[in-house]
Amino acid sequence: MRRTNTCGELRAADLGKKVCLQGWVRFSRDHGGVAFIDLADRYGITQIVFDPEDLPAGTDVQRISDIMKTFTRESVVSIDGIVRKRVEGTEDGRNPTGEIEVLITDAELLNKSAAPPFELGDQKEGVLPNEDVRMKYRYLDLRRTEMIQAMEFRSKLVHLARQYLEQNGFLEIETPILGRSTPEGARDYVVPSRVHPGTFYALPQSPQQFKQMLMVASMDRYYQVARCFRDEDSRKDRQPEFTQLDLEMSFVDMKDIQDMMEGMVSYIWKGLYGQDLQTPFPHIAYRDAMERFGSDKPDMRYGLEFVKLTDVVRDAPYKIFQNILAEGGIVAGMNLKADIAGEKIGRNDVDRYIHYAKKVGLGGLTWMRCVNGKLESNIVKYFTPEILENIKTTMGAEEGDLLFIVAGPWKATYESAGFLRKKVAEDLDIVPKDQFQFFWMDQCPMFEVDPVSGKYDAFHHPFVLPENDLDDDYVGGACFDLCLNGNELGSGSLRIHDPELQKAVFHKLGMDDERIERSFGYFVEMLSYGAPPHGGIAIGIDRLCAILLNKDTIREVIAFPKNKRAVSLLDGSPSKIDDEKLEELQIISLAGDLDLGDFEDSDDSE
């Protein structure tokens, strides 16, 4: 008999129906000759019962009994039976099929399973094995209900995005996986060419240049669920290969792109949750984000904002601050209100935060507490009463409040202070659960200056349209980020469509004409053939799914991810290539035998 229903489909309305279910034996138990099986598939779990006394006349009871003795946990089986109501009092309200069970009338073992290396049923916290075991047996890990739900959620999210974009005139167009290595920021993964020895393709870090070519080709509105590759260290929100939803539009300004994205995210939200998402999303300027939250992708679901203190302490006879201010640095403070921190942060805790501050790059951490209307600490003696009062007023300090004060170079200090802010919020458990705050971070600079070399780097990438003259002291870029709960979902911008301006930006980044021609000559030439004004954005699908599902890492929403050391324990990659293949590619073998045990992770710190 062929499968008639899935294991998550049958309900009380199906009582008396003859069915065939096929799936995996999740659990089995014997109660005095009556055997019970939890039969599972992607759709759910149904209780199966072998009850010899209730079987129809003529049933070969012994045959069925012998077959069921071959059923090991996670074996694939086929069950014929009759839907009946569970015995009163044994219903399972947590399971959609919990009112019914299937009385076995025939059974077949389709494939016997070896003993699984870990339990696949619904897991309690802390029961799962370490992540490397799950990665090694990912095909088993994916059978777990939690993982099935994550894959279904991801599939639906991508489907809704495709629906929205196609309804708005976008064409889904694939761009090459094998391309040219160009300097775009991260390291490339490269692929040797057998046909042209000594030359290499590069796997795309993004479809950036190709999607701009599509605009020159008059495609007008393009999108792609694009696979991208970057040879960078893995983190909770990074993988060597990842997926982004990439789009580009012609004859648009920044608001057009942002409106399109807000519409798409709202459409996805409605499809996933049945609720309207509040739009338009808030905007925050880059400099404002850094100075208030210590991040260009701040989590604005909670307070703990920084307050500028540079002018307040400028005349303070505190040598550490004076040295920093003399070098153009800043001073800023964060107020941990008494009703939030209270007695939760004592003197020992302050020392712990001072140690953490140094660990994340701050030179140190100054603290003061408001006691009996005055600021107290071991350094108040270095401040005049007037300056202390100004600090108290500027930071809105009240009785019991704890002030953390940081100082140093503008960007490095605010970035490190942002880590401290996040750490304090997590320790105090003030980060709202199940709350999602989308916003746009914009008004970004076009360039950043390397503090060591003094050279210019692109803030986003070298194809962003400058908003003013490149010779000005400050050059703004027509670029922006879509952020969610302290994470950057994606970056967008208007692009340069004038070839001379594009070359001028390359020059600003330190490239001479020879290097421009060698690395980007074809791209600059492309812009000379009637490139329209255009722009676009790309958002990380893995990252968006992980945030919406409250996962700690994007590995939980990717079917076959690499571990924290960029190794696939499932298939043993990366692996040594046979010498014959290397010779065919005319590449000298430099790698010795690899032991993947060297790449397994027992430490979960990231």
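Let us start in the middle of things, with helix α7: its buried residues pack against β11, β12 (306-308), α11 (410-428), β17, β18 (444-445) and β19 (447-449). Keep in mind as you look that this is a predicted model. The buried residues of α7 are Y286, A289, M290, E291 and F293. It helps to recall how helices are built: an α-helix has 3.6 residues a turn, so residues three or four places apart point the same way. With that in mind, find Y286, A289, M290 and F293 among the buried residues of α7 and look at where their side chains point. Just after α7 comes G294, whose phi is positive, near 70°.

Now step back to take in the whole protein. It has 15 helices and 24 strands, and its C-alpha trace spans about 100 × 75 × 55 Å along the principal axes. Of its 606 residues, 47% count as buried. The protein exposes about 30,700 Å², and carbon and sulfur atoms supply 49% of that area. How are contacts spread along the chain? Among those between residues at least 6 apart in sequence, 68% join residues at least 24 apart. As for charge, the protein has 73 positive and 103 negative charges, and the mean positions of the two groups are 3 Å apart.

With the overall picture in place, we can return to the sheet beside α7. Strands of a sheet pair through backbone hydrogen bonds, either parallel or antiparallel. Here, eight strands form an open sheet with mixed pairing, in the order β6-β9-β10-β24-β23-β22-β17-β11. Which strands stand at the edges? They are β6 (171-172) and β11 (283-285). Each has a single partner strand, so one side of each is left without a neighbour in the sheet.

Let us follow the edge at β11. This strand pairs with β17 (residues 438-442) in the parallel sense, over three bridges. Within the pair, I284 stands opposite M441 of β17. Helix α7 (residues 286-293) packs on the sheet here, touching both β11 and β17. The direction of α7 makes about 85° with that of β11.

Next, look at the loops on either side of this strand pair. In the loop between α6 (254-273) and β11 you will find P280, and the peptide bond from T279 to P280 is cis, with omega near 0°. Between β17 and β18 lies another loop, which holds Q443. Q443 has a positive phi of about 55° although it is not a glycine. Is Q443 buried or exposed? It counts as exposed, at 59% relative accessibility.

There is a useful contrast to be found elsewhere in the chain. E74 sits in the loop between α1 (61-68) and β4 (76-85). Its phi is near 75°, a positive value in a residue other than glycine. E74, however, counts as buried, because its relative accessibility is 2%, under the 20% cut-off.

Two more places are worth a visit. The peptide bond from S573 to P574 is cis, with omega near 5°, and P574 lies in the loop between α14 (541-548) and α15 (579-584). Finally, D349 is found in helix α9 (residues 347-359). D349 is partly exposed, with a relative accessible area of 22%. The C-alpha atoms of D349 and L245 are separated by 43 Å, and these residues are 104 apart along the chain.

Terms used
Residues are numbered from 1 along each chain as its sequence is written. This is a predicted model: local features need pLDDT of at least 70, side-chain atom pairs count only at pLDDT 80 or more; totals for chains, interfaces and linings use all residues. Side-chain values use heavy atoms; hydrogens and water are left out. Helices (H or I, at least four residues) and strands (E, at least two) are DSSP runs, numbered from the N terminus. Buried means under 20% relative accessible area, exposed over 50%, partly exposed in between (1.4 Å probe, protein chains only). Contact means heavy atoms within 4.5 Å. Accessible areas come from the Shrake-Rupley method with a 1.4 Å probe; for residues, only the protein chains shown count as cover. Lys and Arg count as positive and Asp and Glu as negative; His and the chain ends are not counted. The place of a charge is taken as NZ of Lys, CZ of Arg, CG of Asp or CD of Glu. Two strands pair if DSSP finds at least two bridges between them. Axes are lines fitted to C-alpha atoms, for helices over the stretch in contact, and angles run from 0 to 180 degrees between N-to-C directions.
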